Amino acid sequence: MPDTDRTAEVAPEIRVPVLIVGAGPAGLTASLALSRYGVRHLLVHKYPGTAHTPRAHLINQRTGEILRDLGVGDQLREHAAPTEFLANHVFMTTFAGFEIARLDAYGNGPARVGDYRAASPEPMCNLPQHLLEPLLAREVEEAGVGELRFGQEFRSLEQDEHGVTSVIVDRASGREYTVRSDYVIGADGARSRVLRQLGIDVEGPTGFAKAVSTWFEADLSRYAAHRPGILYMGTLPGDRVGDLRVFISIRPWNEWVFLSTDDPAAGFDPNDPEAMRDRIHESLGDSSVPITIKNISPWELSSAVAPRYSSGRVFCVGDAVHQNPPTNGLGLNTAVADSFNLCWKLRLVLAGQAGPELLETYHGERQPIGRQAVDRAFRSMLDLHGIPEALGFAEGQSAAEQWRLLGELTEESKEGEARRAALAAATERIEYQVNAHGVELGYRYGSGAMVPDETPEPDRDTDPELFYHPTTRPGARLPHAWLENGRRRCSTLDVTGRGRFVLLTGTEDGPWHEAAREAARRTGVEITVTRVGPGPGLRDPYGTWERVREVAADGAVLVRPDGHVAWRAATGESAAALPAVMARVLCHPEASVPPGDTAPATAAHPR
């Protein structure tokens, strides 16, 4: 994204429905979602342009689905490194040296590839932040609904019963102006000024370790192409036990980030490009490779989450409210989902079609998911220490001793057998970092803009963090199933979303159309009734939807604009409850069932 000078356009006072502070993935996703929904807004960003370094890069399937819904799925797949380039997770001494262990990663292994392909129309992919953000910014600008202003620093806010007044400073001119908005979205990252203005701070360890990311160019195809992946972790004998020298593939196989701990005892200055080049050569195990260093960025690791995501008319998203180690790649993906959850609610409240209480469900739904992501990433980080432990590495050992221990992995002896068994057990724990499909795709909201289900939780014989289990239980993301519309294949996710409430049912003649009309009459929110069944229209050619819908053919599944299930009805006999259900979901004055109670007739049809 080119630097943008908008000084001449700055006005002393601005009035806009929504102010977004911050143009990272969370802020730009919010801006794009509001643009698609036709909600006028202003986004201000402190810096002169979008991200200028790779930063976050892993795009999981749920984020792919969100971007698909927002109309940028094709651009994402065009620019990203595809899933086959994420196939391995490698532990090694150096790139050119001894390989310690290798795992199938991100659904690419034979044991998991079917799970990932069946679960979503979108594959895992790799698109670093400095390429993703300009893509989103261009889409926002082309939509022409919101305005992006770079070089604008948020200073403070005050809110009252009717809105929020924010003070912004144009950094080029020093000129101060105010923005009066109905709502504010704080997407200004870690150490968020917006969050602090609310009197809220994150809880948990922050800055508990220091790291350095070095973005560089080098042709490493000879070491990577035969074992493609995005993470190559080096454990070099003689280093401090637990320190890893990590190579992250940014653009295969010529653009990389080298991630290392900032250890003062390491004997080199991480801010010295020549010293860092030597460090990278040492970690490659090949000093002949030409290296061009593009950027060196020190940073700190944190594992913290805010106890509250909002206060009054101000809502915080992304790193402002959850900060986790880079393990699992959950930070960017969780941030995108935060904004997607919030923005459809803002649209309906601004339009007067939902009560302001709907916005309170943002915190209740997203804060537990942020907590889960932070906890999972922290545990995954600790799991990495199991690798050197399995190798027998300990403080005080010499490099020679650790090389000897590594050699045991190849010995045909009891010691070698025990060493390999310990390594296999430690490597198995890394599955929770590179194949955490349930964490990425299977999270479910326990309360909020939904009507809970009275049916018992289904029995599961798989690990809920590793494996995604499709369900239409309220709060869950709608399961993906391939459908057919004439000769065109589409996903269940393609016939829902796009800012709409959609009711999926299996019968043409039934009470659902009339129930949807009555719900719209009472709340002002249209419901698109979509039939999936035999005959003309949407077909279920593989029977997948029938297997995962968990209701009878004449039942229905009500899907929110963000693709999560709001309610389901076992049969058509519950159709009369739909208007009250919609009013309750929307916190609408027409709601006849008080929030927190369980509406009748929601039990799912037994499969």
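1. Start with helix α18, residues 578-585, in this predicted model. The helix is mostly covered, with eight of its eight residues buried. That list runs through Leu578, Pro579, Ala580, Val581, Met582, Ala583, Arg584 and Val585, so note that an arginine sits in it because Arg584 also falls under the 20% cut-off for buried. The packing partners of these buried residues are helices α10 (357-384) and α16 (512-523), plus strands β22 (501-505), β23 (527-531), β25 (556-559) and β26 (565-569). Just after the helix, Cys587 has a positive phi of about 55°.

2. Two of those partners of α18, α16 and β26, are also linked by a ring pair: Trp512 is in helix α16 and Trp567 in strand β26, 55 residues apart. With ring centres 6.1 Å apart and planes at 70°, the pair counts as edge-to-face, because the angle is over 60 degrees. Both tryptophans are buried.

3. On confidence: the average pLDDT over the chain is 93, and 94% of the residues score at least 70. Residues 1-8 are below 50, and this stretch has 16 contacts in the model beyond near neighbours in sequence. Residues 592-607 also stay under 50, with 36 contacts beyond four places in sequence. I'd leave the details of both stretches alone, because predicted coordinates should not be read in detail where pLDDT is low.

4. Have a look at His480, in the loop between α15 (437-441) and β20 (482-485). Is this histidine buried or exposed? His480 counts as buried because its relative accessibility is 5%, against a cut-off of 20%. Its side chain has a polar contact of 2.8 Å with the side chain of Ser491 and another of 3.4 Å with that of Trp482. Leaving out residues up to four places away in sequence, His480 touches Arg117, Ala118, Ala119, Ser120, Pro121, Ser491, Thr492, Leu493 and Thr544.

5. Trp482 turns up again in a charge-over-ring arrangement: Arg489 lies over its face, 3.8 Å from the ring centre. So Trp482 has a polar contact with His480 and an arginine over its ring; the residue belongs in any check of this region because both features involve its side chain. There is another such case at Tyr37, where Arg347 lies over the face at 5.5 Å from the ring centre.

6. The strand that follows the His480 loop, β20, belongs to an open sheet of three strands in the order β21-β20-β24, with antiparallel pairing. Strands β21 (488-491) and β24 (538-539) are at the edges; each has a single partner strand, so one side of each is left without a neighbour in the sheet. Two bridges join β20 to β24, and Asn485 has Leu538 in β24 as its bridge partner.

7. For a parallel case, see β2 (residues 41-45), joined to β7 by five bridges. Leu43 is bridged to Leu148 in β7. Strand β7 (residues 146-150) is mostly covered, with four of its five residues buried.

8. How many aromatic pairs does a search of the whole structure find? The count is 16. One of them is Tyr183 with Phe315, a tilted pair at 6.2 Å centre to centre and 50° between the planes. Tyr183 lies in strand β10 (residues 176-186) and Phe315 in strand β18 (residues 314-316), so the pair ties together parts 132 residues apart in sequence. Both rings belong to buried residues. Elsewhere, ring pairs link a cluster of Phe85, Phe95, Phe216, Tyr223, Tyr232, Phe247, Trp253, Trp256 and Phe258.

Methods. Residues are numbered from 1 along each chain as its sequence is written. This is a predicted model: local features need pLDDT of at least 70, side-chain atom pairs count only at pLDDT 80 or more; totals for chains, interfaces and linings use all residues. Side-chain values use heavy atoms; hydrogens and water are left out. Buried means under 20% relative accessible area, exposed over 50%, partly exposed in between (1.4 Å probe, protein chains only). A polar contact is a pair of N or O atoms within 3.5 Å; within protein, one must be able to donate a hydrogen and the other to accept it, and residues adjacent in sequence count only if both atoms are side-chain atoms. Contact means heavy atoms within 4.5 Å. pLDDT is the predictor's confidence in each residue, from 0 to 100. Two strands pair if DSSP finds at least two bridges between them. Rings of Phe, Tyr and Trp (its six-membered ring) pair if their centres lie within 6.5 Å; planes under 30 degrees apart count as stacked, over 60 as edge-to-face and the rest as tilted. A charge sits over a ring if NZ of Lys or CZ of Arg is within 6 Å of the ring centre and within 35 degrees of the ring normal.
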